[in-house]
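Thanks for making time this morning. I would like to take you through one part of a model, so please have the sequence and the structure open in front of you.

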Amino acid sequence: MSGGRESGLRPAPGPLDGDISLLELIIPLLRRWRLIAGVTFAGAVVAAVVLLLQRPVYTGTTTFTPENPTPSGLTGGLAGLAGLAGQLGITVMSPTSVSPDFFSGVLHSREILQATLESEFPDPSAAPPKAAHQLIDILHIEGRSPEVRLEKGVRRLTDRTDIEIDRRTGIISLNVEMPSRELAAQVANRMVDLLNRFNLERRQSQSREERRFSGDRLATAERELRAAEQAHLAFLQRNRAYSDSPLLSFEANRLSRDVQLKQEVFLTLTKTYEQARISEVRDTPVLTVIDSAVPPVLRSRPRRLLGTLIAALLAAIVGVGAAYFLELRARARSQGRADYQALKEAWQGARREVATTSERS
């Protein structure tokens, strides 16, 4: 009987006891729902205000592909195999082709980025008519010296550019983030123009060096051909009836083969020299622009609605944590737990030490 009376007078377990039921977890939330709602609302309002004060960012996107010359060494069946490999997503590189990763690296090179920063664009912050200023001035990049300022500009422009490569098709996408629609599109197109000019000058420079080398080699091959022809002619003049002698016939065939070999070398170098001369003055683009960048309609960031929802969720989590903490503290204080008293004394001691240290300093 006494055991039943004791069990009936036993208090219900609280959140500080051994077992916690689901209902006991809900009780603090209901008791302090105003705190949770207030923290959630405050977090959402603060996030909304911060996101509204942030300047919108727009992304200009342009896509292009490098020219892919037909590999000269792949003919016949090998060319067919190369085409089949391309359909399967396997890139067959020729000696004259360039990997898309090369263009990605050049776009992030200091030469292209610096030339872009020094290019002039209409300033979106200026009143109409929009005056043209350098991009480094439009982005309001400051520095102790022109070198430091330019270095900061290169880093910021690198962070604002993103390059995507489709390995299957070889198409390269350039994304540029800027504070205005028009500026984002103009900077993206300008970077592609600078990349095209860089590669065009690079190709012309290679063709120029190839022309010089093949021209020197062509002159040497011409002299060697003339010498071989002269030696063959002199042999025929000295030996008009060489066919009757096996030794003279062998020598005649050797000199004839030497002349034919020199002729083939001379013809090959002549074609190479003429091709290099044509490539040196060719000004056709080395890039094929698929889609030029146009002013985007929607901003890329900040995403105000999504940011506000995420901030509200995080604030709600903080509010729930605060509700449980306050509930645990209230119960510990009402029950007069020794560990709570020890925590309270430690907290007061820490505050006194901090105050003493601040007064001494």
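I will begin with how confident the prediction is, and then turn to one helix and its surroundings.

What we are looking at is a predicted model, and across the protein the pLDDT averages 78, with 79% of the residues scoring at least 70. Two stretches call for caution: over residues 70-85 the pLDDT stays under 50, and the model has 8 contacts beyond four places in sequence for them, while residues 90-96 also stay under 50, with 10 such contacts.

Now to helix 8, which runs over residues 146-159 and, with its 14 residues, reaches 20 Å from its first C-alpha to its last, close to the 20 Å expected at 1.5 Å a residue. Its buried residues are Leu150, Gly153, Val154 and Leu157, and because they fall within an arc of 100° when seen down the axis of helix 8, they line one face of it. An α-helix has 3.6 residues a turn, so residues three or four places apart point the same way. On the other side of helix 8, Arg155 and Asp159 are exposed.

What, then, covers the buried residues of helix 8? The cover includes helix 6 (110-117) and helix 7 (135-138), together with strand 4 (161-165) and strand 5 (172-178).

Of these neighbours, let me dwell on helix 6, whose axis comes within 10 Å of that of helix 8 and crosses it at roughly 105°, so the two helices are roughly perpendicular to each other. Where they meet, helix 6 brings Arg110, Leu113, Gln114, Thr116 and Leu117, and helix 8 brings Leu150, Glu151, Gly153, Val154, Leu157 and Thr158.

Note on methods. Residues are numbered from 1 along each chain as its sequence is written. This is a predicted model: local features need pLDDT of at least 70, side-chain atom pairs count only at pLDDT 80 or more; totals for chains, interfaces and linings use all residues. Side-chain values use heavy atoms; hydrogens and water are left out. Helices (H or I, at least four residues) and strands (E, at least two) are DSSP runs, numbered from the N terminus. The expected span of a helix is 1.5 Å times one less than its number of residues. Buried means under 20% relative accessible area, exposed over 50%, partly exposed in between (1.4 Å probe, protein chains only). The arc is that of the directions from the helix axis to the C-beta atoms. Contact means heavy atoms within 4.5 Å. pLDDT is the predictor's confidence in each residue, from 0 to 100. Axes are lines fitted to C-alpha atoms, for helices over the stretch in contact, and angles run from 0 to 180 degrees between N-to-C directions. Angles under 35 degrees count as roughly parallel, over 145 as roughly antiparallel, 65 to 115 as roughly perpendicular and the rest as oblique.
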